[in-house]
Amino acid sequence: MHRQHGSLPPVASSRRGVFAEALAVGLAVGHAMRITLINMFRKPVTVHYPTVERPVTDRFRGLLALTYDKETGEENCIGCRLCEFICPPAVIKVEMLKGEKRNYAKLFILELYACEFCELCVQVCPTDAIIMMKSFDMATADRREMLLDKDRLHAIGLQHQPSWATGNRLRDMQAPPKKVVAEKAAAAGEP
Ligand code: SF4
Ligand code: SF4
C-alpha cells in the first residue's frame, strides 16, 4: 500500500499522539494542583451553625407563625379561614370560634413539612395574623415536630424576628398609587 504524499508514517504519528496526550494530562494535573494549593491557603468559609448564625437578607421570609396584637395582647387570628382556602397544597386547617365582639380560631393546624412557602396565606390574611419569620431554624428528624398547632405557631412568632411582609403591607403595595385613584375620582366628579 502506498503512503499518501505529506502524511507521517504510522509509528511517528502514534508517537506524536502519545506525547500530546501526556502533555495534556500533565497540564491538567498541574492545573488541579494549582487550584488545590490556592484553596489550602484560603480562609475557610464554613459557618459553624448553630453556634454561629449567618445574618439573613432584609427581605428573607421563612417559617410561618401566628401573631398577637401588640397593644391588647389578643390573638390576631379571627378564624376567617381565608388562609385555608387559598393554600395550594391545603396544609392549613382552621375552625372558627364565634365570639361576642370578634371571632377567634378555635383550631389552627399547619403542616409545615408540606408547605410550599408561597406566602399566599400571608397575603390574604385581613388581620396580619399569619406572617413569615426571618428564620428557617427548624431542622428535625421527626416529621411530627413540623405539624404546628396554634400554640406552636404563636411560640414561633415570639421566638423569631418577623419578616417585613404582612398581608396589609403586601396588599398596599399591589394597590394602584393613591395619586392615580384621586385623579380618577376627580375626573369622575366624585368628592
Ligand atoms: S406559604 Fe403557601 S403552602 Fe405554605 S401554608 Fe401558606 S399558602 Fe400554604
Ligand atoms: S390567619 Fe388570617 S386568614 Fe387565616 S384564619 Fe386567621 S385571620 Fe383568617
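Two strands count as paired if DSSP finds at least two bridges between them. The views below show a predicted model.

**Figure 1. The whole chain spreads well beyond a compact globule.** The radius of gyration of the protein is 31 Å. For a compact globule of 191 residues, the value would be near 16 Å. Along the principal axes, the C-alpha atoms fill a box of roughly 105 × 55 × 40 Å. Burial is limited to 18% of the 191 residues. Contacts still bridge long stretches of sequence. Of those between residues at least 6 apart, 71% join residues at least 24 apart.

**Figure 2. Six helices and five strands make up the secondary structure.** From one end of the sequence to the other, the pattern reads α-β-α-β-β-α-β-β-α-α-α. The next views pick out the open sheet, two helices after it and the two ligand sites.

**Figure 3. Strands β2, β3 and β5 form an open, antiparallel sheet.** The order across the sheet is β2-β3-β5. Its edges are β2 (92-97) and β5 (147-148), and each of these strands pairs on one side only. Helix α4 (residues 150-159) lies across β3 and β5. The helix runs at about 80° to β3.

**Figure 4. β2 and β3 make a hairpin.** Six residues separate the two strands. β3 covers residues 104-111. Six bridges join β2 to β3, in the antiparallel sense. Which residue in β3 does Val94 stand opposite? It is Phe108. For Glu95, the bridge partner in β3 is Leu107.

**Figure 5. Ligand 1 sits among 15 residues.** Which of them come nearest to ligand 1? They are Cys87, Cys115, Glu116, Cys118 and Cys121. By class, the shell around ligand 1 holds 13 nonpolar residues and two charged ones. No polar residue takes part in this shell.

**Figure 6. Ligand 2 has 14 residues around it.** The nearest are Cys77, Cys80, Cys83, Cys125 and Ile130. Nonpolar residues number 11 in the shell around ligand 2. Two polar residues and one charged residue complete this shell.

**Figure 7. Leu170 belongs to helix α5.** The helix covers residues 167-174. Is Leu170 buried or partly exposed? A residue is buried only from 20 other C-beta atoms within 10 Å, and exposed at 12 or fewer. Leu170 has 17, so it counts as partly exposed. Beyond its neighbours within four places in sequence, Leu170 is in contact with Gln123 and Ala165. Leu23 is far off by comparison: its C-alpha atom is 61 Å from that of Leu170. In sequence, the two leucines are 147 residues apart.

**Figure 8. Helix α6 is hardly covered.** The helix spans residues 178-187. How many of its 10 residues are buried? The count is zero. Just after α6 comes Gly189, with a positive phi of about 75°.

Conventions
Residues are numbered from 1 along each chain as its sequence is written. Chains are lettered from A and ligands numbered from 1 in the order in which they are written. This is a predicted model: local features need pLDDT of at least 70, side-chain atom pairs count only at pLDDT 80 or more; totals for chains, interfaces and linings use all residues. A residue is near a molecule or strand if its C-beta atom, placed from the backbone, lies within 6 Å of it. Ala, Val, Leu, Ile, Met, Phe, Trp, Tyr, Cys and Pro count as nonpolar, Asp, Glu, Lys and Arg as charged, and the others, Gly among them, as polar. Helices (H or I, at least four residues) and strands (E, at least two) are DSSP runs, numbered from the N terminus. Two residues are in contact if their C-beta atoms, placed from the backbone, lie within 7 Å. Axes are lines fitted to C-alpha atoms, for helices over the stretch in contact, and angles run from 0 to 180 degrees between N-to-C directions. The radius of gyration is taken over C-alpha atoms; the globule rule is 2.2 Å times the number of residues to the power 0.38.
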